[in-house]
Amino acid sequence: MTQPDERPEQVAGTAQERLMAEATPLIEQLIGDKVASGLFAQNPTLWGPEAEPEASIRLGWTALHETSVPVVHEIEALREELRAEGLDRVVLAGMGGSSLAPEVIANTAGVPLVVLDTTDPGQVADALEGDLSRTVLVVSSKSGSTVETDSHRRIFEEAFAAAGIDAASRMIVVTDPGSPLEKTATEAGYRKVFRADPNVGGRYSALTAFGLVPSGLAGADLRPLLDDAHSSAPKLGSDVEDNPALVLAAALGAAHIGGAEKVVLADTGSGISGFGEWAEQLIAESTGKNGTGLLPVSVESPEAPGFADARSDATPVAIGPPPQGVLLATEGTVGGLMLVWEAAIAIVGRLLGINPFDQPDVEAAKKAARALLDGPAVDPGAPSFVDGPVEVYAPAGLLPDGAATLGDALTALQGAVPEFGYLSVQAYLDRIADASAIVLRPELARRTGVQTTFGWGPRFLHSTGQYHKGGHQNGVFLQLTGAVTQDLQVPGRPYTLGTLQLAQALGDGQVLLERGRPVLRLNFTDRAAGLAHLVKAVQEVGS
Ligand code: PA5
């Protein structure tokens with residue numbers, strides 16, 4: 001594999017043509033090895049002997065266009081039943097693979113689905129303030145033990161009861177057979193338990209009950225999704241050179257061999273809402289391990305900083321028609337496109353020599369957060385300094401002597417980015433009320449010239465968080481946290497959501513620091529004022 005300091009010179013425009021030329025021998029190799037047909041025949045040996053045990057229980061997704069047909073009937077029947085009772089507001093509690101796909105499906109179909117993949121107390125409180133008399137909660141967790149999802153279940157159960165509603169009649173569970181959540185649901189008499197296909201991992205579960213139940217109950221028409229996947233499958237399972245999954249995989253593999261560690265995704269009018277965030281998880285969690293992988297960078301548009309701007313360490317991919325100069329584009333309908341990307345990323349795993357079906361570094365952050373929650377108090381200690389509504393927490397050695405402003409801290413963080421490194425903004429905030437934080441990505445990318453990603457915490461911990469800790473170790477991290485004005489106790493647990501949220505930020509920060517990565521945390525003592533102050537400071541970086 002090419003090392004970062006051995007990267008070939010690349011030129012905009014011609015770099016894309018060269019990429020496709022470099023991909024051609026890889027496509028031929030994949031055809032010769034019968035990888036596409038092997039994948040769709042669910043051959044678990046494609047990733048080597050170490051990955052084989054996991055792969056042998058993770059390839060069910062290649063047949064979901066057929067095996068998921070019965071669950072669609074069940075969902076449609078339940079939707080009718082709920083509608084007849086006036087239950088038409090669907091709230092989904094789920095993380096990573098258990099929420100990103102249903103969000104894309106529902107948003108693209110234009111049906112309302114409230115997605116809770118946060119520990120932000122304000123965001124959860126807002127979801128509780130919706131009309132509970134019309135609400136059902138879909139609790140989706142493959143493992144049945146994810147702390148965020150379990151907390152939402154507890155909070156909603158209590159809220160339904162407080163509103164005089166029979167909570168069990170409003171709870172719909174999606175989980176793997178035999179999970180602790182299945183047990184809880186059965187014991188409590190929850191309305192319905194969908195047992196998902198256990199031979200499909202979280203990020204490959206878009207067309208299982210995990211993707212289909214919440215979006216279908218919210219009103220999405222599910223049959224076209226499966227039909228689209230059905231139409232795409234024969235080509236994707238064929239060892240031919242115009243198989244789009246082979247082409248995409250070979251292009252990404254060739255780019256990585258050539259030194260490109262990042263895949264920059266821009267929507268160019270696909271009509272699919274949120275596909276970048278879904279693909280981000282698929283790419284980062286599947287490939288970002290053993291010190292290698294592809295870092296997905298989801299950008300606002302093809303014109304956004306960091307897309308196709310002649311950098312040699314990033315491959316631009318258009319979701320939708322290719323803009324000028326970008327040859328790598330993927331187009332299609334939701335079901336078909338998801339299957340193309342799932343197949344391509346599984347094949348990239350083979351090209352990179354990793355197991356695409358595990359997520360070995362996700363657990364480290366969970367463990368660190370748990371340890372903090374089990375301790376006497378989740379205490380961030382004293383800030384390095386305070387600049388107006390922003391407390392600045394920096395590790396020893398990051399800030400120069402006398403640093404006293406946000407500008408000083410941002411300049412120090414920028415200076416810590418290694419060549420071909422990246423800057424990751426991690427906002428442990430309310431992704432609806434604090435939505436303006438997303439301007440930080442393009443602003444920072446433009447001002448610093450560094451590839452910049454943006455993720456909402458703790459959602460990204462189930463996505464790009466794997467890459468941050470397991471992939472190429474050249475990231476620097478800007479964590480954002482904010483004052484909690486209205487906290488929520490997690491029933492039956494000795495902590496509030498606010499404490500959990502802070503423990504998740506501190507825990508992940510701790511793991512990143514232990515791995516030698518710089519982490520700067522900015523805490524807004526007033527969220528709106530703090531964000532505005534930060535945006536202003538970012539706009540002054542480098543000027
Ligand atoms: O792809 C994965 O395995 C993860 O992103 C999971 O989907 C995520 O962590 C949620 O897990 P669970 O469905 O077990 O709650």
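These are my notebook entries on the domains, sheets, pockets and cavities of one predicted model.

**Entry 1: domains**

I began with how the chain is divided. The domain assignment gives three parts: domain 1 (8-43 + 232-352), domain 2 (68-221) and domain 3 (362-540). I noted that domain 1 is written as two stretches of the chain, 8-43 and 232-352.

Next I looked up how domain 1 and domain 3 sit relative to each other. Their C-alpha centres lie 29 Å apart. I also looked up the contacts, and 29 residues of domain 1 touch 23 residues of domain 3.

**Entry 2: the five-stranded sheet**

In which order do the five strands of the open sheet lie? I read the order as E2-E1-E3-E4-E5, with parallel pairing. Strand E2 (114-116) and strand E5 (192-195) are the edge strands; each has a single partner, so one side of each has no neighbour in the sheet. From one strand to the next, the twist averages 20°.

I then followed one pair of strands. Strand E1 (residues 89-93) and E3 are paired in parallel over five bridges. In this pair, Ala93 is opposite Val139 of E3.

I also looked for a helix against this sheet. Helix H5 (residues 69-84) packs on the sheet and touches E3, strand E4 (171-175) and E5. The direction of H5 makes about 165° with that of E5.

**Entry 3: the four-stranded sheet**

I found another open sheet, of four strands, in the order E7-E6-E8-E9, and its pairing is parallel. Why is one side of strand E7 (295-298) and of strand E9 (329-330) left without a neighbour in the sheet? Each stands at an edge with a single partner strand, so nothing in the sheet pairs on its other side.

Strand E8 (residues 314-319) runs parallel to E9, and two bridges join them. Ala318 is opposite Ala329 in E9. I checked the helix H13 here as well: H13 lies across E6, E7 and E8, and runs at about 170° to E7.

**Entry 4: the largest pocket**

I turned to the open spaces. The largest pocket holds about 890 Å³ of space. Its lining has 38 residues, and the closest to the centre are Ser143, Thr146, Val362, Lys366 and His462.

Which element gives the most residues to this lining? Helix H15 does, with eight residues. The elements that supply at least two residues each are strand E3 (135-141), helix H8 (147-162), helix H13 (275-287), helix H15 (362-374) and helix H19 (497-514). I had already met E3 in the five-stranded sheet, and H13 lying across E6, E7 and E8.

By class, I wrote down 13 nonpolar, 15 polar and ten charged residues for the lining of the largest pocket. Domain 2 (68-221) and domain 3 (362-540) each give at least three residues to it.

**Entry 5: the second largest pocket**

The second largest pocket has about 650 Å³ of space. It is lined by 28 residues, and those nearest its centre are Glu277, Ser298, Ile438, Trp456 and Arg459. Helix H6 (100-109), strand E6 (262-267), H13 and E13 each give two or more residues to the lining. H13 is thus listed for this pocket and for the largest pocket. The classes in the lining of the second largest pocket are twelve nonpolar, eight polar and eight charged.

**Entry 6: the closed cavities**

How many cavities of 30 Å³ or more does a search of the whole structure find? I noted two.

The largest cavity has a volume of about 50 Å³. I listed its lining as Ser424, Val425, Thr453, Phe454, Gly455, Phe460, Thr464 and His468. Strand E12 (422-428), strand E13 (451-456) and helix H18 (464-470) each supply at least two of these residues, and E13 gives the most, with three. The lining has three nonpolar and five polar residues, and no charged ones.

The second largest cavity has a volume of about 30 Å³. Its lining is made of Trp61, Leu64, His65, Tyr204, Leu207, Leu339 and Glu342. Helix H4 (64-67) and helix H14 (334-352) each supply at least two residues of it. I counted the classes as five nonpolar, one polar and one charged.

Technical notes
Residues are numbered from 1 along each chain as its sequence is written. This is a predicted model: local features need pLDDT of at least 70, side-chain atom pairs count only at pLDDT 80 or more; totals for chains, interfaces and linings use all residues. Side-chain values use heavy atoms; hydrogens and water are left out. On a 1 Å grid over the protein atoms alone, a cavity is a set of points where a 1.4 Å probe fits but cannot get out, and a pocket is an open set with protein on both sides within 12 Å along at least five of seven lines; lining residues have an atom within 4 Å of a point. Grid points are joined across faces, edges and corners, and a volume is the space filled by probe spheres set on the points. Ala, Val, Leu, Ile, Met, Phe, Trp, Tyr, Cys and Pro count as nonpolar, Asp, Glu, Lys and Arg as charged, and the others, Gly among them, as polar. Domain bounds come from an automatic or database domain assignment. Two strands pair if DSSP finds at least two bridges between them. Axes are lines fitted to C-alpha atoms, for helices over the stretch in contact, and angles run from 0 to 180 degrees between N-to-C directions. Contact means heavy atoms within 4.5 Å.
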